[in-house]
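Hi,

Here is the structure I promised to send over. Have a look at it first, and then read on for what turned up.

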Amino acid sequence: MTIRPRAAVRRAAAALTALGVLGALAACAPGAEPAASTQSQVEVFTWWASGSEKLASDVLTSAFRRANPEIEFIHGGVAGGAGSAAKDVLASRMANGDPPDSFQVHGGAELAEQIAAGEVSDLTALYADLGLDRALPQVVLDLVSADGIPYAVPTNVHRANLVWSNPSVLADSGIDPLATFATLDEWFVALDRVRASGHTPLVLGAPWTQVHLLEQVLLSRLGPAGYTALWDGSGDSAEVTAAIEDYARLLGYANPDRDALDWSDCADRLDSGEAAFLVMGDWAAQLLRDPIGWQPFPGTDGVDDIVVDGFAQAVGAPDPENARLWLATVAAPDVQIAFADAKGAAPARSDIPSVDLGTYPRRALESLRTDEIVLSLAHGGVTTPQALAELTAVVGRLGRGQASTSEVQESLTAAARAWQPAGPSGS
Ligand code: GAL
């Protein structure tokens, strides 16, 4: 990561440059390097900072550099799946008055919190310039807006409710490698078979991946309407209790060393045959290629549990104009096409013809267009970052035998109360 001078220093340097002071000083000092801070820069803060995610974010970076060769691009990356490490770093930078120009954010409750905190800029003018309000599907536009005002430019839409499988391990366990599991109960039968054959049935990672799995179990057991009702407080709590019990049962099929693994480590284990199944979003498509199989999480066929990724412009961005150039880059149709392929996602824009997309993005787009949509719990869609962090901590403790299922349910209820969706834009 490139070290960037603090915003205040850069602003002072820019002011001095405008006055010709730095130029004069440089001229007085033979052999002195020109101050790096005088160059136009943009810093973009993201957790797409390692492995396949960094490669995908390089697609965006390269497009920006091609379009803006005179601007120094600073990749402010903090690696860690789902922003598990980045979010705290960003929060403390914002609190310390040291915002990047642009930062990655999930559409939905996560962005809504930042809007409420006054941390993100109104992008109405940019949307008008780019015609973006007409280019995005309404569901995506709503998730990046408040009161009809857009605050982030979405890059892509992921699907969270997938299970990936290693066909060799399944065959070795006497399971048809192409088998599909229509319900959680059918899947439990398969998990038992894998265990009986001596393999690890399920690879699980750090607590955020555990919340990701819990989310899928809730969706499977409650159905899309029941799952969505959770977030307005009208969910059936007895069904939730039962679903959390199912989740706790699933932990018994998973690797005990889970807390130290990020999602890419889990993907490696599935790939190398150390486990039969992995529950992970379609960003794993970049690591898990043929012959690895995938299907909707059992009991969620016909549902698209969406995760909207995007970038916002920070209030107080040192280079607001450069931030907007960055946002315009990631909004461009050709960039969204290339990024969807590299990331394993549907593009956020809905005006891109399917024929222009790669194989997986085309399927993801189809799912987005035709499936029933729900919002992700683990990826910022339905609750505040703080409530999600608290839930993640309790779920992690459950996994270590230090919390009960009823504590998880209490935390889930608190997370559901922490944020109420505002409804369609403008309403
Ligand atoms: C999600 C994010 C995805 C991917 C994933 C794993 O929260 O929306 O784009 O980065 O985490 O890191």
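Below are my notes, starting with the ligand and then moving along to the backbone and a few individual residues.

One thing to keep in mind throughout: this is a predicted model.

**The ligand**

Let's start with where the ligand goes. It sits in the largest cavity. There are 13 residues around the ligand, and the closest are E53, H106, D309, K343 and H379. Sorted by class, that shell is made up of 6 nonpolar, 4 polar and 3 charged residues.

Which atoms do the ligand's oxygens meet? I have three contacts for you to click on. In E53, a side-chain N or O atom is 2.6 Å from an oxygen atom of the ligand. With A82 the backbone is involved: one of its polar backbone atoms is 2.9 Å from a ligand oxygen. The third is W47, where a polar side-chain atom lies 3.2 Å from an oxygen atom of the ligand. As for how covered the ligand is, on its own it would expose 300 Å², and the protein buries 100% of that.

**Backbone oddities**

Some background for this part: most residues other than glycine have a negative phi, and most peptide bonds are trans.

A82 deserves a second look here, since besides its backbone contact with the ligand it has a positive phi, near 60°, without being a glycine. You'll find A82 in the loop between strand 2 (72-77) and helix 4. Is A82 buried or exposed? Its relative accessible area is 12%, which is under the 20% cut-off, so A82 counts as buried.

D147 is another non-glycine with a positive phi, at about 50°. D147 belongs to the loop between strand 4 (145-146) and strand 5 (149-150). Its relative accessible area is 66%, and because that is over 50%, D147 counts as exposed.

Then there is a cis peptide bond, between D290 and P291, with omega at about 5°. P291 is in the loop that runs between strand 9 (277-279) and strand 10 (293-296).

**A few residues in helices and strands**

I also picked out some residues together with a partner elsewhere in the sequence, in case you want to check how the chain comes back on itself.

- F45 is part of strand 1 (residues 41-46). With a relative accessible area of 5%, F45 is buried. Its C-alpha is 6.2 Å from that of Q104, and the two residues are 59 apart along the chain.
- V157 is in strand 6 (residues 153-159) and counts as buried at 3% relative accessibility. How far is V157 from G344, C-alpha to C-alpha? The separation is 9.3 Å, with their positions 187 residues apart along the chain.
- S62 has its place in helix 3 (residues 51-67). At 34% relative accessibility S62 is partly exposed, because that value falls between the 20% and 50% cut-offs. S62 and F73 are 11 residues apart in sequence, and their C-alpha atoms are 9.4 Å apart in space.
- A95 lies in helix 4 (residues 86-95). A95 is exposed, with a relative accessible area of 66%. From A95 to E119 it is 24 residues in sequence and 9.7 Å in space, C-alpha to C-alpha.

If you only have time for one spot, I'd open the view on A82: it is a buried residue with a positive phi and a polar backbone atom 2.9 Å from an oxygen atom of the ligand.

Cheers

How values were computed: Residues are numbered from 1 along each chain as its sequence is written. This is a predicted model: local features need pLDDT of at least 70, side-chain atom pairs count only at pLDDT 80 or more; totals for chains, interfaces and linings use all residues. Side-chain values use heavy atoms; hydrogens and water are left out. A residue is near a molecule or strand if one of its heavy atoms lies within 4 Å of it. A polar contact is a pair of N or O atoms within 3.5 Å; within protein, one must be able to donate a hydrogen and the other to accept it, and residues adjacent in sequence count only if both atoms are side-chain atoms. Accessible areas come from the Shrake-Rupley method with a 1.4 Å probe; for residues, only the protein chains shown count as cover. On a 1 Å grid over the protein atoms alone, a cavity is a set of points where a 1.4 Å probe fits but cannot get out, and a pocket is an open set with protein on both sides within 12 Å along at least five of seven lines; lining residues have an atom within 4 Å of a point. A molecule sits in a cavity or pocket if more than half of its atoms lie within 2 Å of its grid points. Ala, Val, Leu, Ile, Met, Phe, Trp, Tyr, Cys and Pro count as nonpolar, Asp, Glu, Lys and Arg as charged, and the others, Gly among them, as polar. Helices (H or I, at least four residues) and strands (E, at least two) are DSSP runs, numbered from the N terminus. Buried means under 20% relative accessible area, exposed over 50%, partly exposed in between (1.4 Å probe, protein chains only).
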